[in-house]
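Here is a briefing on one protein chain. Please keep the sequence and the structure side by side while reading.

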Amino acid sequence: MDQTASQNQAILQHLQAGNVLTHLDALHLFGCARLAARINDIRMRGAQIVTDTVVEGGKRFARYRMGA
């Protein structure tokens, strides 16, 4: 299994466990610097992932979670 497939699997399992994920979380937990691309890969395989836009400390970023 290549690194992208491994990251996709780890990210999907993390989200399926009820966790949320941001770019910084993905970088620290999975060494994934391209979270949006991995989320797209996972969505293309049929997973329902919701993107929430978060604003904290004047910064805006995406936070991902499983949808219904």
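The side chains of Thr 22 and Asp 25 are joined by a polar contact of 3.0 Å. This comes from a predicted model. Thr 22 itself sits in strand β1, residues 21-22. The points below take in that strand, the sheet, helix α3, the largest pocket and the segment after β3.

**Thr 22 and its surroundings**

- Thr 22 has a relative accessible area of 12%, so it counts as buried, the cut-off being under 20%.
- Beyond residues up to four places away in sequence, Thr 22 touches Leu 35, Phe 61, Ala 62 and Arg 63.
- Arg 63, in β3, stands opposite Thr 22.
- Leu 35, another residue touched by Thr 22, is one of the buried residues of α3.

**The sheet**

- Three strands form an open sheet in the order β1-β3-β2, and the pairing is antiparallel.
- β1 and β2 (49-56) are the edge strands, each pairing on one side only.
- Strands of a sheet pair through backbone hydrogen bonds, in either a parallel or an antiparallel way.
- β2 and β3 (residues 59-66) run antiparallel and are joined by 8 bridges.
- β1 and β3 also run antiparallel, with 2 bridges joining them.
- Within the β2 and β3 pairing, Val 55 has Arg 60 of β3 as its bridge partner.
- Ile 49 has Met 66 of β3 as its bridge partner.
- The hairpin of β2 and β3 has 2 residues between the strands, and Gly 57 takes a positive phi near 55° in this hairpin.

**Helix α3 and Arg 38**

- Leu 35, Ala 37, Arg 38, Ile 39 and Ile 42 are the buried residues of α3.
- The cover over these buried residues includes α1, β1, α2 (23-30), β2 and β3.
- Is Arg 38, a residue of helix α3, buried or exposed? Arg 38 is buried, because its relative accessible area is 9% and the cut-off is under 20%.
- The side chain of Arg 38 makes a polar contact of 2.8 Å with the side chain of Asp 41.
- With neighbours within four places in sequence left aside, Arg 38 is in contact with Thr 4, Gln 7, Asn 8, Ile 11 and Cys 32.
- Just after α3, Gly 46 takes a positive phi of about 105°.

**The largest pocket**

- The largest pocket holds about 160 Å³ of space.
- Two elements, α1 (3-16) and α3 (35-44), give two or more residues to its lining.
- α1 gives the most to this lining, with 4 residues.
- The lining of the largest pocket has 10 residues, and Asn 8, Gln 9, Leu 12, Ile 42 and Arg 45 lie nearest the pocket centre.
- By type, the lining residues are 5 nonpolar, 3 polar and 2 charged.
- Asn 8 lies among the residues nearest the pocket centre, and Asn 8 is also in contact with Arg 38.
- Ile 42 is likewise among those nearest the centre, and Ile 42 is one of the buried residues of α3.

**Gly 67, after β3**

- Gly 67 is found in the segment that follows β3.
- Gly 67 has a relative accessibility of 27%, so it counts as partly exposed, a class that lies between the 20% and 50% cut-offs.
- Which residues is Gly 67 in contact with, leaving aside neighbours within four places in sequence? They are Gln 48, Ile 49 and Val 50.
- Ile 49, a contact of Gly 67, is the bridge partner of Met 66.
- Gly 67 and Leu 24 are 21 Å apart in space, C-alpha to C-alpha, and 43 residues apart in sequence.

Technical notes. Residues numbered from 1 in each chain as written. Predicted model: local features only at pLDDT ≥ 70, side-chain atom pairs only at ≥ 80, totals over all residues. Heavy atoms only, no water. Buried < 20%, exposed > 50% of the residue type's maximum accessible area, 1.4 Å probe, protein only. Polar contact = N/O pair within 3.5 Å; in protein donor to acceptor, adjacent residues only side chain to side chain. Contact = heavy atoms within 4.5 Å. 1 Å grid on protein atoms, 1.4 Å probe; cavity = no way out; pocket = protein on both sides within 12 Å on 5 of 7 lines; lining within 4 Å. Points joined across faces, edges and corners; volume = space filled by probe spheres on them. Nonpolar A, V, L, I, M, F, W, Y, C, P; charged D, E, K, R; others polar. Pairing = 2+ DSSP bridges.
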